[in-house]
Amino acid sequence: MIWLLYVLLAILCVLVLLVAVAAIRTAMIPVKVTDYCLSDDSVRVDAYAEKLSKMVQKETISDRADPTVEKFREFHTLLEELFPTVFAKCEKVEIDGNLLLKWKGKSDKDPILLMSHMDVVEAGGEWKYPPFSGTIAEGKVWGRGAADTKCSLMAFLQAAEEMMAEGFTPACDVYLASSCTEEIGGTGAPKLAGWLKEHGVHLFMLCDEGGSIIQDPIGGVPGHFAAVGIFEKGYGDVKFIARSAGGHASAPKRNTPIPKLAKFICRVEKKDPFRIEFSPAVNAMFTKIAPYAGNFGLRMVFSNLWLFRPLLKKVMPMISAQAAAMLRTTIAFTMQQGSAGYNVLPQEASVCANMRFIPHQGTDESIALITDLAKKYGLETEVIYKGYPSNSLDLNGEAFHMVEKAIADVFPGVGVMPYVVTGGTDARFYGEVCDSCVRFSPVCYGPEQMAGMHGLNENIESGCLPGAVDYYKTVILAQENR
């Protein structure tokens, strides 16, 4: 037994040495603190808030059941009134309510595209201010679409308006785009991307929503960070079906369709079947935020992933659902159907699930895995829709460095944090015409704004609007030095 004690002692010594190395490395990292302030330029703040207010007042709810686009064309007319120079100088392309503007540059090589959707979701419930009033109060613009995402649409149109008024001509062609079907996953963005492809346009970079300036991204890491989405997960809808001969509920057999489905759901909930891995995006996220961690222990963990990654794999899913979603394919059960009668055993019952696919266990592999698991419970699997993860923005590439510098110039003191977009954006439809899709809206989303998107009392801080306009100007100007 003495040899076992020596082995354990040796292992302990190695662990102590590794932790000591990690501690020394951490002590050498300069501690950073973020700093972000809303603009105090009341003239600009008021002017931009007023324009955004008018945009919010125009209701632009997209609805799968209503394909008419007249309301969106009316919104285009409003934009022409708010940004007359842009519409006077740009070539306008309108496709079924979706808008594309071409600002001709000195060269047609390596153009860029700035985009943000014009459509919004429904606005039911009791609001503090009417959802389409565009009320300006408490230092905020209130209403559906104020944050998601008419604020960034206003910002890049205003940036172009001011630059054009000064006689500026960009180094490359600049496209300004806005779809009217983003919220319903419709055909708007694919049509705009298709137009670019048909006209031989290949973009150097596009900037869409997906990230923003957020507060306190992870427990123990305080401050403001520019969360730059570098890729988004694939999207899928799947249906699981259980069948039987049915019958009367007064004499039920075991393992009828609904219990079959329940057992399957319970298995998935208790033991997630999908593999956890740290992507380059997640590795980069921890590396970037490590200097800002509020205590030494957390800085040591985040800055020494070579040692603590296994621990974080266990802990991150416990921290938050959002954190867990960045590490694995997810499945969420959303709809179910069974018998139409209280006393009737169904011949068929089903449950539907929404899946978001992570690149390291992609769409086809994830679907095959869940299909095999469903078979063990006697279930059939029907794939309603499947989409694939987007290509990742190169963290060492020119586009990311350009965005990182623009953030530093416009928002000095704000940390930059690459991250995984777990939702869906229009940018995913531009893969064939753009190699560098940046998912970042240069506005501040605090807890109140995050809660309001797709919920009650959506709003945006008016003071963040000048910074958003300046960011888009900086991105456009950055093309001069390429």
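Colleague: What makes β4 and β19 the edge strands of the open sheet of 3 strands?

Modeller: In this predicted model, the open sheet has the strand order β4-β5-β19 with antiparallel pairing. Its edge strands are β4 (136-137) and β19 (459-461), each of which pairs on one side only.

Colleague: How do you know that β4 and β5 count as paired?

Modeller: The requirement is at least two bridges between the strands, and β4 and strand β5 (residues 140-142) are joined by 2 bridges in the antiparallel sense, so the pair meets the cut-off. Within this pairing, I136 stands opposite V141 in β5.

Colleague: What makes β9 and β16 a pair, and in which sense do they run?

Modeller: Strand β9 (residues 224-232) and β16 pair in the parallel sense over 7 bridges, and at least two would be needed, so the two strands count as a pair. One of the contacts is that of A226, whose bridge partner in β16 is V416.

Colleague: Why is strand β16 described as mostly covered?

Modeller: Of the 7 residues in strand β16 (residues 415-421), 7 are buried, where buried means under 20% relative accessible area.

Colleague: How many aromatic pairs does the structure hold, and why is the one between F240 and F264 called tilted?

Modeller: There are 14 aromatic pairs in the structure. For F240 and F264 the centres are 4.8 Å apart and the planes stand at 55°; the distance is within 6.5 Å, and the angle is neither under 30 degrees nor over 60, so the pair is tilted. This pair links distant parts of the chain, with F240 in strand β10 (residues 234-243) and F264 in helix α7 (residues 257-270), 24 residues apart. Both F240 and F264 are buried.

Colleague: Why is the pair of F286 and F302 also put in the tilted class?

Modeller: The ring centres of F286 and F302 lie 4.8 Å apart and their planes meet at 45°, and this angle falls between the limits of 30 and 60 degrees, so the pair is tilted. Again distant parts of the chain are linked, F286 belonging to helix α8 (residues 280-289) and F302 to helix α9 (residues 296-303), 16 residues apart.

Colleague: How do you know whether F286 and F302 are buried or exposed?

Modeller: F286 has a relative accessible area of 1% and F302 one of 4%; since buried means under 20%, F286 and F302 are therefore both buried.

Colleague: What makes R482 a charge over the ring of F204?

Modeller: R482 lies over the face of F204, at 3.5 Å from the ring centre, and the distance allowed is within 6 Å.

Colleague: What is unusual about the phi of D110, and why is D110 called partly exposed?

Modeller: D110, in strand β3 (residues 107-115), has a positive phi of about 50° although it is not a glycine. Its relative accessible area is 29%, which lies between the 20% and 50% limits, so D110 counts as partly exposed.

Colleague: Where does D216 lie, and why is D216 given the class partly exposed?

Modeller: D216 is found in the loop between β8 (213-215) and β9, and has a positive phi of about 45° although it is not a glycine. Its relative accessibility of 48% is not over 50%, nor is it under 20%, so D216 is partly exposed.

Colleague: How do you know that the peptide bond from D148 to T149 is cis?

Modeller: Its omega is near -10°, and T149 is found in the loop between β5 and α5 (150-165).

Conventions: Residues are numbered from 1 along each chain as its sequence is written. This is a predicted model: local features need pLDDT of at least 70, side-chain atom pairs count only at pLDDT 80 or more; totals for chains, interfaces and linings use all residues. Side-chain values use heavy atoms; hydrogens and water are left out. Rings of Phe, Tyr and Trp (its six-membered ring) pair if their centres lie within 6.5 Å; planes under 30 degrees apart count as stacked, over 60 as edge-to-face and the rest as tilted. Helices (H or I, at least four residues) and strands (E, at least two) are DSSP runs, numbered from the N terminus. Buried means under 20% relative accessible area, exposed over 50%, partly exposed in between (1.4 Å probe, protein chains only). A charge sits over a ring if NZ of Lys or CZ of Arg is within 6 Å of the ring centre and within 35 degrees of the ring normal.
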